[in-house]
Amino acid sequence: MIVRTTNEITGTEREVADPKGNWVSKRIVLGGDGVGFSFHETTINAGSVNEFHYANHIEAVWLVEGEGTLLDRETGQTYPLAAGSMYLLNGHERHTVTAETQMRMLCVFNPPVVGTEVHDENGIYPLVTVPEQPNGKHANA
């Protein structure tokens, strides 16, 4: 069993901030935990526009706080987002999230991220694998 709190993660290598200051991701479950997915709490700042593309991962996002829009850059379709909204990027869609108010999201990635990934110039996380640790915990846990 793994039990963690966001307070424990805050200020550690599991808390990753966007270099532009638009968002912060707290990586609660990572690939080294050996469960087949990663789980994050991401906060996006009000007024920010964020372009993402997960070419190597499927991402499910559940918005628990805030309002904004999601633009599917593949189709041009825009979706309103509010608490209780969920979107699934099961086609590796390039997308833009615009935060009207601060947005807090719970995100699941498959395959799991290992925690060291950063978005490249196209908004993509590289596919990084890490062997599971003998105790089922990430090496940096």
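A residue counts as buried when its relative accessible area is under 20%, as exposed when that area is over 50%, and as partly exposed in between. Keep this in mind on the tour, which goes through a predicted model.

**Stop 1: the whole chain**

Start with the protein chain in cartoon view. You should find 1 helix and 10 strands. Following the sequence from its start, the helix comes before the strands, in the pattern α-β-β-β-β-β-β-β-β-β-β. The chain has 141 residues, and 41% of them are buried. Now switch on the surface: its accessible area is about 7400 Å², with 53% belonging to carbon and sulfur atoms. Contacts also reach across the sequence: of those between residues at least 6 apart, 63% join residues at least 24 apart.

**Stop 2: Asp 33 and its two arginines**

Select Asp 33. Is Asp 33 buried or exposed? Its relative accessibility is 3%, so Asp 33 counts as buried.

Next, add Arg 4 to the selection. Arg 4 and Asp 33 form a salt bridge, and their closest N and O atoms are 3.0 Å apart. Arg 4 sits in the segment before helix H1 (6–9), while Asp 33 sits in the loop between strand E2 (23–29) and strand E3 (38–44); the pair therefore ties together parts that are 29 residues apart in sequence.

Now add Arg 14. Asp 33 makes a salt bridge with Arg 14 too, this time with the closest N and O atoms 3.9 Å apart. Here the loop between E2 and E3, home of Asp 33, is linked to the loop between H1 and strand E1 (15–17), where Arg 14 lies, 19 residues apart. Asp 33 and Arg 14 are both buried.

**Stop 3: Arg 94 and Glu 74**

A search of the whole structure finds 6 salt bridges. For one of them, select Arg 94 and Glu 74, whose side chains meet at 2.9 Å, N to O. Arg 94 is in strand E9 (residues 94–99) and Glu 74 is in the loop between E6 and strand E7 (78–82), so this pair ties together parts that are 20 residues apart in sequence. How accessible is Arg 94? With 32% relative accessibility, Arg 94 counts as partly exposed. Glu 74 is partly exposed as well, with a relative accessible area of 44%. Looking back at the previous stop, shared partners join the salt bridges of Arg 4, Arg 14 and Asp 33 into one network.

**Stop 4: Asp 72**

Keep Arg 94 on screen and select Asp 72, which lies in strand E6 (residues 67–72). Asp 72 is buried but has no salt bridge; Arg 94, the nearest side chain of opposite charge, is 7.0 Å away. Which residues does Asp 72 touch, leaving out those up to four places away in sequence? They are Gln 77, Tyr 79, Glu 93 and Arg 94.

**Stop 5: strand E8**

Move to strand E8 (residues 86–89) and show its side chains. They alternate: Tyr 87 and Leu 89 point to one face and are buried, whereas Met 86 and Leu 88 point to the other face and are not. Strand E5 (residues 58–65) runs antiparallel to E8 and is joined to it by 4 bridges. To see a pairing position, select Trp 62 and Met 86, which stand opposite each other.

**Stop 6: a nonpolar patch**

Finish on the surface. Select Val 35, Phe 37 and Val 108, which make a nonpolar surface patch of about 210 Å². Val 108 belongs to strand E10 (residues 103–110), and with 31% relative accessibility Val 108 counts as partly exposed.

Definitions and conventions:
Residues are numbered from 1 along each chain as its sequence is written. This is a predicted model: local features need pLDDT of at least 70, side-chain atom pairs count only at pLDDT 80 or more; totals for chains, interfaces and linings use all residues. Side-chain values use heavy atoms; hydrogens and water are left out. Patches are made of residues with over 30% relative accessible area and no salt bridge: like charges are joined within 9 Å, nonpolar side chains (Val, Leu, Ile, Met, Phe, Trp, Tyr) within 5 Å. Accessible areas come from the Shrake-Rupley method with a 1.4 Å probe; for residues, only the protein chains shown count as cover. A salt bridge is a side-chain nitrogen of Lys or Arg within 4 Å of a carboxyl oxygen of Asp or Glu. Helices (H or I, at least four residues) and strands (E, at least two) are DSSP runs, numbered from the N terminus. Buried means under 20% relative accessible area, exposed over 50%, partly exposed in between (1.4 Å probe, protein chains only). Lys and Arg count as positive and Asp and Glu as negative; His and the chain ends are not counted. Contact means heavy atoms within 4.5 Å. Two strands pair if DSSP finds at least two bridges between them.
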